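Subject: Handover of a structure and findings

Dear colleague,

Please find below the structure that I am handing over to you. A description of what was found in it follows.

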Amino acid sequence: MSSQKTRQSQTKPPHWPLDVCYISEPCYHPSVPLEVLAQIKPRLVAPGVPSHTGAKRSAVIIQRISDPTHPANGQRGLFAAKKIPPRTHILDYTGEVHGDDRSESDYDLSLFRSQDGTNIGVDASHMGNEARFVNDYRGVKARPNAVFQERRTEGGELRMSVWSGSENIRKGEEILVSYGKSWWQARSTEPEEQI
Ligand SMILES: C[S@@+](CC[C@H](N)C(=O)[O-])C[C@H]1O[C@@H](n2cnc3c(N)ncnc32)[C@H](O)[C@@H]1O
């Protein structure tokens, strides 16, 4: 069985969109230069060491937002399925790891910048996991309760992940990060200081 098939054989979580492929492991696009790939995903992974996504499905749930006051009303969001303690790894952000331009994507995160200046991103616009539904806190809460932070798996693979912040996230609470000012500036027609 190919690794692609293995990735796709995972059961999709409830409320998963039909037009997006569910992947529990990152997928590497040919635009990632081999020498950069060697730094992100060291080849000599110890045999038998699984490269888990850390997709702790029971910790999160995708929900449709039906609150007219929520700025992403009608879209989906990521919610805590149980209490999540502070500074806890919630799940990895899977997607297509790429070295080409994805400036049109609203699901593209920066993962790595190589010494020669190659920017590597993780784009979950066409394939990804639950993490692609994490919304920004702006207009929802006063501050984020989670952060994007990189980590290495036990096998040494670099991943971008969602971690809880300095406080518990209550069961049923929406998991919210900050996309960063530059993310919003790139999509705004407003003057910078209003973002
Ligand atoms: C990575 S996606 C998040 C998941 C998205 N809500 C969905 O259902 O696919 C980013 C998109 O979510 C929406 N979004 C997230 N946070 C938002 C916020 N605070 N205000 C307005 N829109 C937001 C925007 O449409 C943005 O382009």
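Which residues have the most contacts inside the largest nonpolar core? In this predicted model, they are Val-60, Ile-90, Val-134, Ala-146, Val-162 and Ile-175, and the core has 30 residues. Two or more residues of this core come from each of strand E3 (60-64), E4, E5, E8, E12 and strand E13 (176-177). The most is given by E3, with three residues. As general background, nonpolar side chains tend to be buried together in soluble globular proteins.

The annotated region

The UniProt record, an unreviewed entry, lists residues 59-180 for "domain: SET". Over residues 59-180, the chain is 39% strand and 0% helix. The end C-alpha atoms of this stretch are 24 Å apart.

The sheet of three strands

One open sheet has three strands in the order E5-E12-E11, and its pairing is antiparallel. Strand E5 (89-92) and strand E11 (146-152) are the edge strands, each pairing on one side only. On average, and with direction ignored, neighbouring strands of this sheet are turned by 35 degrees against each other. Seven bridges in the antiparallel sense pair E11 with strand E12 (residues 158-164). Arg-151 has Arg-159 of E12 as its bridge partner.

The sheet of four strands

A further open sheet is formed by four strands in the order E2-E6-E8-E7, with mixed pairing. Its edges are strand E2 (27-28) and strand E7 (108-113); each has a single partner strand, so one side of each is left without a neighbour in the sheet. Within this sheet, strand E6 (residues 96-98) and strand E8 (residues 119-123) run antiparallel and are joined by three bridges. Glu-96 has its bridge partner in E8, namely Asp-123.

E8 also pairs with E7 in the antiparallel sense, over five bridges. Here the bridge partner of Leu-109 is Val-122 in E8. The hairpin of E7 and E8 has five residues between the strands, and Gly-117 in this hairpin takes a positive phi near 90 degrees.

The surroundings of the ligand

The shell around the ligand should be considered next. There are 14 residues around the ligand, and those that come nearest are Pro-71, Gln-75, Arg-76, Asp-106 and Asn-135. By character, the residues of the shell divide into five charged, five nonpolar and four polar. At least two residues of the shell are supplied by strand E4 (76-80), and at least two by strand E10 (135-136). E4 is also among the elements that give two or more residues to the largest nonpolar core.

Individual residues in loops and strands

Most residues other than glycine have a negative phi. Against that background, two residues may be pointed out. His-15, which is not a glycine, has a positive phi of about 70 degrees. His-15 lies in the loop between helix H1 (3-8) and strand E1 (21-22). Is His-15 to be counted as buried or partly exposed? His-15 counts as partly exposed because there are 13 C-beta neighbours inside 10 Å, whereas a buried residue would need 20 or more.

Arg-87 is likewise a residue other than glycine with a positive phi, near 50 degrees. The place of Arg-87 is the loop between E4 and E5. Arg-87 has 12 C-beta neighbours inside 10 Å and therefore counts as exposed, the limit for that class being 12 or fewer.

Another loop residue is Arg-170, found between E12 and E13. Arg-170 is exposed because 11 other C-beta atoms lie within 10 Å. Along the chain, Arg-170 and Tyr-107 are 63 residues apart, and their C-alpha atoms are separated by 25 Å.

Finally, Cys-21 belongs to strand E1. With 17 other C-beta atoms within 10 Å, Cys-21 is partly exposed. How many residues apart along the chain are Cys-21 and Leu-158? They are 137 residues apart, and a separation of 21 Å lies between their C-alpha atoms.

With kind regards

Notes: Residues numbered from 1 in each chain as written. Predicted model: local features only at pLDDT ≥ 70, side-chain atom pairs only at ≥ 80, totals over all residues. Near = placed C-beta within 6 Å. Nonpolar A, V, L, I, M, F, W, Y, C, P; charged D, E, K, R; others polar. UniProt positions renumbered as here; feature names shortened; annotations may be inferred. Pairing = 2+ DSSP bridges. Axes fitted to C-alpha atoms, helices over the stretch in contact; angles between N-to-C directions. Core = buried A, V, L, I, M, F, W, Y, C linked by C-beta atoms within 7 Å.
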